[in-house]
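The following paragraphs offer a guided reading of a protein structure for those who meet it here for the first time. Please keep the sequence and the three-dimensional view at hand while reading.

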Amino acid sequence: MKMFRDASHFRQSLRFRLVGLVGGITLIAIIAAWFISNNLIKSFYILDARNKLITSFDSCNQLFVDARGVPRRVEIAAGEIYEKVDNPSNATIFIVDYPNSKIYSSVVITDHIARELQELIDNSNLSELENADKKYKFVSHEDSFHLIGILDNGNIIIMERPLEQLNSSILFSTRLFVIVAVVILSFEASLVLFISGTLTKPIIKMSHVAKRMAKLDFDAKAPEDRNDEIGELGHSMNELSSKLENTVSELKSANASLAQDIEEKERIETMRSEFLSHVSHELKTPLALIQGYAEGLKDSVNDDPESREFYCDVITDEASKMNTLIMQLLNLNELEFGHQMLNIVRFDIMEQIQGILQANKILMEQKQVKLEKPEGGPVFVWADAFKMSEVFTNYLSNAIHYVKEGGVIRVTVEKLLREVKPMESEGRTDELVGDKNPFAPKEVVRVSVYNEGSVLSDEALEKVFVKFYKEDAARTRSYGGSGIGLSIVEAIQKAHNQDYGVYNEENGVVFYYELDASGTIND
């Protein structure tokens, strides 16, 4: 099937059409030339044969007279015909001494030849030639071509040339013409095929580049190493690619902003009430501790310096936790209310992940973590690079705190296909999609962070992204966790309209998030 598709594609190509056009025109020209020459070649050969016979006739005239112009004896002059006469056509020459009924020739005169010559003389009106300027004329038969005339000495001359020789020459010329025409046509077709291939090769490359650009692969570049129109086309395509990349980036940012604006009015009241409720709940404990230890210092419960320093450390630590909590809440509030605009750009997620892993290397070494990093080259995505750094940092921080001593933290990056409604993924309406195939395949990049340790309960799996949720509150508080980090992840992913989640795996937990890949898979 592939062979038939390739053949069909070649027949529809510019290269094939160019070869067919030039070859067709050449073939028509050759056929026309052959038709014209085939009709003229016989006339040409006959004219050439007549001229040669005339040359032989003039040479015979000179042979039968001496230098003074006096006629020579017939029998003597006739014996020198084939030695001294210029006979370019190799015609058979007969000299007829009509009054004496003698025929002179180098060939044997048979009765049949004699009768033919007599018949030819009888059928020719020789009296007309005696008074004419040209004392000869041409006579054609089925198998021969004759010149009959009267020499200056009064003898009759007959020159015969068989038509078989003439026809052989015509046939040879025709065959030679056909062979030359076929050779020329084959050479021309090969030459045009080579030249057309040279011309269409860069166009084919540009076609492949254009297909990659249509899939939003802006790393594809058209060749610009030519100084002709094709080079200018390549330059224009590359400029278009750069502008298209900027436009797509702006559109994605605009689409993300529009999605936030649509949901903002519906979410704002609920988020305000939730915010106040959670803040009051989370601040209650540190405020109570600060108040209690401050009153203890005021009442001088313990007068020794060590106790006072402990009281002050508790107050400072709780105040620091409150400050961190408030900053996280403000950040989360801005995300959920859409006050933070997303700056959608195209960047290498692999490079970002490697940088964050390197920055947290010391923390992982302290817990003797066995880190398994993703391998491979660059993987480009569309997202807010700063916000994605915050998402991965939260996931990694969570993994470091919950991984068992000497356990494994594994980070993976993979590409997946998702079927997403065009109106949801690209901002288009259902009218543009139609009733057929309402889903458009889209390529996404999934980043997963696995930490070896205790698995989550079913309840925790459902609520882990809920603000202030803590499955193990004591352990969370021991390292300063507020239960907001994963809520920030959720807010960022929702702002990007991308998937995220968590699931248990054997001997551990996996958190993941997804982003738009830099290209789109089309049907």
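Which residue takes a positive phi just after helix 17? In this predicted model, that residue is asparagine 497, with a phi of about 60 degrees. The helix that precedes asparagine 497 spans residues 485-495, and because ten of its eleven residues are buried, helix 17 is largely enclosed by the rest of the structure. Among the buried residues of helix 17 are Leu486, Ile488, Val489 and Ile492, together with Glu490 and Gln493.

A similar question of enclosure may be put to a strand. Strand 1 covers residues 92-97; five of its six residues are buried, so strand 1 too is largely enclosed by the rest of the structure. Strand 1 pairs with strand 5 (residues 156-162) in the antiparallel sense, over five bridges. Within this pairing, isoleucine 95 has isoleucine 157 of strand 5 as its bridge partner.

Strand 1 also pairs with strand 2 (residues 102-104), again in the antiparallel sense, here over three bridges. Valine 96 stands opposite isoleucine 103 of strand 2. Four residues lie between strand 1 and strand 2, which form a hairpin, and in the turn serine 101 has a positive phi of about 55 degrees.

The surface remains to be considered. A patch of negative charge is formed there by Glu116, Glu119, Asp122, Glu142 and Asp143. One of these residues, aspartate 122, belongs to helix 5, which runs over residues 111-123. Aspartate 122 counts as exposed because its relative accessibility is 52%, and the cut-off for that class is over 50%.

Note on methods:
Residues are numbered from 1 along each chain as its sequence is written. This is a predicted model: local features need pLDDT of at least 70, side-chain atom pairs count only at pLDDT 80 or more; totals for chains, interfaces and linings use all residues. Side-chain values use heavy atoms; hydrogens and water are left out. Patches are made of residues with over 30% relative accessible area and no salt bridge: like charges are joined within 9 Å, nonpolar side chains (Val, Leu, Ile, Met, Phe, Trp, Tyr) within 5 Å. Accessible areas come from the Shrake-Rupley method with a 1.4 Å probe; for residues, only the protein chains shown count as cover. A salt bridge is a side-chain nitrogen of Lys or Arg within 4 Å of a carboxyl oxygen of Asp or Glu. Lys and Arg count as positive and Asp and Glu as negative; His and the chain ends are not counted. The place of a charge is taken as NZ of Lys, CZ of Arg, CG of Asp or CD of Glu. Helices (H or I, at least four residues) and strands (E, at least two) are DSSP runs, numbered from the N terminus. Buried means under 20% relative accessible area, exposed over 50%, partly exposed in between (1.4 Å probe, protein chains only). Two strands pair if DSSP finds at least two bridges between them.
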